Amino acid sequence: AIHHGPESASFMVFASSKEQPQFVISKRAKDKASAQRYVVMSRVENLKTGATLDDVLTVFDRPIRLVTG
């Protein structure tokens with residue numbers, strides 16, 4: 001899903017259509033006080049901020065691990 005507002009544009013990643021987004025990738029409006037325009041969040045946790053989209057998308061470069069149980 002995509003959300004566009006006056007302060008930011010966001011792309012939301014869902015695991016299923018009945019849930020809250022797993023991740024939100026946002027581009028904030030240009031702010032002279034901060035060079036950190038892009039952010040990746042998971043629920044309320046800020047996973048990564050950066051000046052470019054490439055900077056913040058590195059949060060998804062982690063190795064995949066097998067979950068058992």
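The legends below describe close-up views of a predicted model.

**Figure 1. Overall fold of the predicted protein.** The protein contains 1 helix and 5 strands, arranged along the sequence in the pattern β-β-β-β-β-α. Its C-alpha trace spans about 50 × 25 × 15 Å along the principal axes. Of the 69 residues, 19% are buried. Among contacts with a separation of 6 or more, 5% join residues 24 or more positions apart.

**Figure 2. Strand β4 and its two pairing partners, β3 and β5.** Strand β4 covers residues 38–42, and 4 of its 5 residues are buried, so the strand is largely enclosed by the rest of the structure. The pairing with β3 (residues 23–28) is antiparallel and runs over 4 bridges. The pairing with β5 (residues 45–50) is also antiparallel and comprises 5 bridges. Tyrosine 38 of β4 is the bridge partner of lysine 27, and glycine 50 in β5 is a bridge partner of tyrosine 38 as well.

**Figure 3. The hairpin of β4 and β5.** Between the two strands lie 2 residues. Arginine 43, in the turn, has a positive phi of about 60°. The strands that flank this turn pair in the antiparallel sense.

**Figure 4. The aromatic pair of phenylalanine 23 and phenylalanine 60.** The count of aromatic pairs in the model comes to 1. The two rings are edge-to-face, with 5.0 Å from centre to centre and 85° between the planes. The angle is over 60 degrees, and therefore the pair counts as edge-to-face. Phenylalanine 23 belongs to strand β3 and phenylalanine 60 to the segment after α1 (53–57), so the pair links distant parts of the chain, 37 residues apart. Phenylalanine 23 has a relative accessible area of 25% and phenylalanine 60 one of 36%. Both values fall between the 20% and 50% cut-offs, so each residue is partly exposed.

**Figure 5. The largest pocket and its lining.** The space in this pocket is about 220 Å³. The lining consists of Phe23, Ser42, Glu45, Leu47, Val59, Phe60, Arg62, Pro63, Ile64 and Arg65. By class, 6 of these residues are nonpolar, 1 is polar and 3 are charged. Phe23 and Phe60, both in the lining, are also the residues of the edge-to-face aromatic pair.

**Figure 6. Surroundings of glutamine 36.** Glutamine 36 sits in the loop between β3 and β4. The residue is partly exposed, at a relative accessible area of 35%. Leaving aside residues up to four places away in sequence, glutamine 36 touches Arg28, Thr49, Gly50 and Ala51. The C-alpha atoms of glutamine 36 and threonine 49 are separated by 6.0 Å, although these residues are 13 apart along the chain. Gly50, another of the residues touched, is the bridge partner of tyrosine 38 in β5.

**Figure 7. Surroundings of phenylalanine 11 in strand β2.** Strand β2 spans residues 8–13. Phenylalanine 11 counts as partly exposed, with 41% relative accessibility. Not counting residues up to four places away in sequence, its contacts are Ala1, Ile2, Phe23, Val24 and Ile25. One of them, Phe23, is a member of the aromatic pair with phenylalanine 60. Phenylalanine 11 and threonine 52 are 41 residues apart in sequence, with 15 Å between their C-alpha atoms.

Conventions: Residues are numbered from 1 along each chain as its sequence is written. This is a predicted model: local features need pLDDT of at least 70, side-chain atom pairs count only at pLDDT 80 or more; totals for chains, interfaces and linings use all residues. Side-chain values use heavy atoms; hydrogens and water are left out. Buried means under 20% relative accessible area, exposed over 50%, partly exposed in between (1.4 Å probe, protein chains only). Two strands pair if DSSP finds at least two bridges between them. On a 1 Å grid over the protein atoms alone, a cavity is a set of points where a 1.4 Å probe fits but cannot get out, and a pocket is an open set with protein on both sides within 12 Å along at least five of seven lines; lining residues have an atom within 4 Å of a point. Grid points are joined across faces, edges and corners, and a volume is the space filled by probe spheres set on the points. Ala, Val, Leu, Ile, Met, Phe, Trp, Tyr, Cys and Pro count as nonpolar, Asp, Glu, Lys and Arg as charged, and the others, Gly among them, as polar. Rings of Phe, Tyr and Trp (its six-membered ring) pair if their centres lie within 6.5 Å; planes under 30 degrees apart count as stacked, over 60 as edge-to-face and the rest as tilted. Contact means heavy atoms within 4.5 Å.
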